[in-house]
Amino acid sequence: MARIEITVNGDRRVFDGNPDTPLLWVLRDHFGLTGTKFGCGMGICGACTVHDGKAAVRSCQVAASDARGKSYTTIEGLGKRNLHPCQRAWLEEDVAQCGWCQPGMIMAASALLAGKPNPSDAEIDAAMSSLICRCGTYNRMRRAIHRAAALSREAE
């Protein structure tokens with residue numbers, strides 16, 4: 001057992017448990033933030049993607065001990081006050097099909113836009129190619145990312 005402090009969505013939280021517990025399970029089972037999804041558990045599919053600072057990371061691959069003192073954002077915190085442009089664009093482009101992977105996709109897309117505010121199709125494809133959507137909504141995701149980029153520019 002270990003006492004591990006982690007900031008999640010701007011709130012300081014304490015996890016008292018096994019330091020080897022993946023961050024995914026800390027978020028879901030201990031903090032009740034079920035928006036982050038369990039997919040493959042091996043860091044392959046990206047359903048569990050969250051932000052470590054501004055970087056997209058696979059929460060199933062981060063041990064609680066490695067999360068100590070860090071700040072993470074989950075899908076619940078991305079649009080805490082208003083929908084994030086990616087969340088809004090996802091709805092406007094009707095991206096979700098089964099929806100399971102979508103929180104991870106949105107987190108990856110928002111990380112992409114934070115670093116590349118106007119990505120090309122090739123840059124979007126490269127950034128999103130490491131995530132798996134079993135429904136195959138990749139074309140709608142690409143349209144949504146372009147829309148989110150436009151929404152972000154309009155908001156400036």
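These legends go with close-up views of a predicted model.

**View 1. The largest nonpolar core.**
Here we look at a group of 24 residues that make up the largest nonpolar core. The residues with the most contacts inside this core are C86, W90, M105, M128, M141 and I145. Five helices each give two or more residues to it: α3 (75-78), α4 (85-92), α5 (102-115), α6 (121-128) and α7 (138-155). The biggest giver is α5, with 7 residues. As a bit of background, nonpolar side chains in soluble globular proteins tend to be buried together.

**View 2. I145 and the residues it touches.**
Now we zoom in on I145, one of the residues with the most contacts inside the largest core. Leaving aside residues up to four places away in sequence, I145 touches W90, A109, L112, L113, P119, I124 and M128. Two of these names, W90 and M128, also appear among the residues with the most contacts in that core.

**View 3. A second core.**
There is another nonpolar core, separate from the one around I145, and it has 16 residues. Among them are L23, V57, V62 and A64.

**View 4. Strand β1 and its two faces.**
Strand β1 covers residues 2-8, and its side chains alternate between two faces. A2, I4, I6 and V8 point to one face and are buried. R3, E5 and T7 point to the other face, and these three are not buried.

**View 5. The β1-β2 hairpin.**
Follow β1 onward and you come to strand β2 (residues 11-17), which runs antiparallel to β1 and is joined to it by 7 bridges. Within this pairing, E5 stands opposite V14 in β2. The two strands form a hairpin with 2 residues between them. In the turn sits N9, with a positive phi of about 55°.

**View 6. β1 beside β5.**
β1 also pairs with strand β5 (residues 71-73), this time in the parallel sense, over 2 bridges. V8 of β1 stands opposite Y72 in β5. V8 is also one of the buried residues of β1.

**View 7. Two cysteines without a bond.**
Why do C40 and C45 not count as a disulfide? Their sulfur atoms are 3.9 Å apart, which is too far for a bond, because a disulfide needs the two sulfurs within 2.5 Å. The count of disulfides comes to 0. The two residues also fall into separate accessibility classes: C40 is partly exposed, at 26% relative accessibility, while C45 is buried, at 12%.

Key
Residues numbered from 1 in each chain as written. Predicted model: local features only at pLDDT ≥ 70, side-chain atom pairs only at ≥ 80, totals over all residues. Heavy atoms only, no water. Core = buried A, V, L, I, M, F, W, Y, C linked by side-chain atoms within 4.5 Å. Buried < 20%, exposed > 50% of the residue type's maximum accessible area, 1.4 Å probe, protein only. Helix = DSSP H or I, 4+ residues; strand = E, 2+ residues; numbered from the N terminus. Contact = heavy atoms within 4.5 Å. Pairing = 2+ DSSP bridges.
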